[in-house]
Every structure is written in structure tokens, then in C-alpha cells.
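Colleague: Could you take a close look at the sheet for me, and tell me how the rest of the chain sits around it?

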Amino acid sequence: VCSAASIPLFVAYYRRRLPSFLKVEELLRSGAIGQPCFVTIHQVAPPNKHDLHPDSLPWRVMPEIAGNGYFFDLACHQLDALDYLLGPIATAKGNSANQAGLYPSDDVVSASYAFESGAIGTGMWCFTTYLGASHDYTEVIVGNEGRISYSAFDLNLPVVLETNTGSREEFHLPPPEHVQEPLIQTVVDELLGRGNCPSTGHSASRTNRVLDQIIEA
């Protein structure tokens with residue numbers, strides 16, 4: 001509808017302009033790990049304290065408001081970042097369940113997906129594990145000459161590059177004071193005719209399609 005009316009549509013996937021993600025993009029474009037082969041997402045966490053009160057559950061776990069709980073709330077950012085870094089995901093499928101019964105939405109999801117580029121991906125999300133299983137270093141992109149590790153949510157963790165020569169390098173790129181400001185600046189620039197915003201209705205719709213394919217498979 002926006003396209004037909006010649007009205008721009010922007011979506012707040014602001015990781016597309018955060019320093020750590022731009023560093024991952026730079027490493028990929030420079031061939032630091034060669035040809036990307038596969039990517040893994042691993043995000044597990046114990047229940048939020050608010051999840052333990054059935055009479056006052058947070059909106060994020062209510063399907064009628066938020067789709068499918070924390071998976072839709074969090075995985076969308078991870079998968080959208082991969083769309084930006086590795087290109088569109090062509091196909092996706094998965095399994096999901098409500099294991100703990102703390103709230104109406106699913107609390108565990110597994111997925112496999114394939115990029116148009118030929119790279120393959122997997123993902124595991126669980127939001128009801130014991131505290132010791134918490135894991136926030138969620139993305140690893142492996143190529144035929146090395147790998148890149150980074151976190152989608154703990155933006156103070158470094159981007160780590162390891163190569164087949166045995167080298168290991170850490171890039172510490174803390175987020176800006178206002179985390180959405182860099183993306184908002186690209187919106188302003190596009191509206192003023194001096195640049196382009198990398199997160200549009202078209203790119204975001206691809207992420208929504210992938211989420212739906214994983215849950216509906």
C-alpha cells in the first residue's frame with residue numbers, strides 16, 4: 001500500500017546500523033571468513049520473574065497481542081540481522097511447544113532455514129531453562145576460512161573473529177547512548193533525499209514470513 005502511494009515505510013530493526021553489526025558486515029564483505037557456510041542461533045534463558053504470576057502476565061507472552069511470545073519478540077531481531085548480513089532467507093521450518101505451561105504462548109522453538117545465497121542456518125530458543133543454562137552469545141557465522149561470533153542482545157560483548165590461520169581478534173564496539181539513533185538518522189537522511197534507510201517494509205516483511213514459516217511448519 002505504501003509503495004502504491006509512493007510513501008516510504010520504515011521498520012525499527014535498528015541493529016542494521018549499530019556499530020557491532022556494521023563490524024560483522026565489514027568482516028563478511030572483506031572475506032575475513034571466506035564463503036559463509038552456516039549460521040547458528042542459540043538463545044536460552046530462565047523464566048522472567050513476571051512470567052511466574054499468571055494473573056499479571058506480561059504482554060509479550062500473550063498470543064493475541066504479541067503473536068507467539070518471546071520468540072516473536074526476540075528472534076525477529078536476530079533473523080532480520082541475518083537477512084541484512086547474509087541476504088534473504090529462502091525457506092524456513094521449525095518446531096515449537098509450550099513445555100512449562102507458564103503462559104499461553106510457546107516457550108521453546110527450534111528452526112532450520114536456508115538462505116538464497118546457499119548458506120544454511122539453525123536456531124534454538126528456550127525461555128524456561130534453569131539459570132545456569134543461560135546463554136546470550138547467540139550468533140555464530142561459520143565460513144570456509146573462519147568464523148564470526150557476536151551477540152544480538154548483549155551489545156557490550158565483543159564481535160569475535162577466528163580464522164583458519166589460528167588468529168583470534170576481538171572488536172569491542174559498545175552501542176551508542178541512544179540505541180535507535182543511528183537507524184533513525186538514516187530515516188531522516190532518506191526523507192531529506194541524502195541517503196537510504198536499510199530497514200524497510202519490504203525487508204521486514206521477509207522476517208515476518210520466516211517467523212511464520214518456523215511456527216507454522
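**A close look at the sheet**

Modeller: Let's start in the middle: strand β1 (residues 36-44) and strand β4 (residues 120-126) run parallel and are joined by seven bridges. Strands here are DSSP runs of E with at least two residues, helices are runs of H or I with at least four, and both are numbered from the N terminus. Two strands pair if DSSP finds at least two bridges between them. One of the residues to click on is Val39, whose bridge partner in β4 is Gly121.

Before going further, remember that this is a predicted model, where local features need pLDDT of at least 70, side-chain atom pairs count only at pLDDT 80 or more, and totals for chains, interfaces and linings use all residues. Residues are numbered from 1 along each chain as its sequence is written, and side-chain values use heavy atoms, with hydrogens and water left out. The average pLDDT (the predictor's confidence in each residue, from 0 to 100) is 94, and 98% of the residues score at least 70. Confidence is lowest in helix α2 (residues 63-66), with a mean of 90, and highest in helix α4 (residues 181-191), with 98.

Back to β1: it also pairs with strand β5 (residues 139-143), this time antiparallel, through five bridges. There, Ile41 sits opposite Glu139 of β5. Put together, you get an open sheet of eight strands with mixed pairing, in the order β2-β3-β4-β1-β5-β6-β7-β8. β2 (89-97) and β8 (168-171) are at the edges with a single partner strand each, so one side of each has no neighbour in the sheet. From one strand to the next, the twist averages 10 degrees.

Over at the β8 edge, strand β7 (residues 159-163) and β8 run antiparallel, joined by four bridges. Glu162 has Arg168 as its bridge partner in β8. Helix α5 (residues 201-216) packs on the sheet and touches β2 and β3 (108-115), where contact means heavy atoms within 4.5 Å. The direction of α5 makes about 45 degrees with that of β2; axes are lines fitted to C-alpha atoms, for helices over the stretch in contact, and angles run from 0 to 180 degrees between N-to-C directions.

As for the other helices, the axes of α1 (residues 19-29) and α3 (residues 69-86) come within 10 Å and cross at roughly 35 degrees. Phe21, Leu22, Val24, Glu25, Leu28 and Arg29 of α1 meet Ala81, Tyr84, Leu85 and Leu86 of α3.

Zooming out, the protein has five helices and eight strands, arranged along the sequence as α-β-α-α-β-β-β-β-β-β-β-α-α. Its C-alpha trace spans about 50 × 50 × 35 Å along the principal axes.
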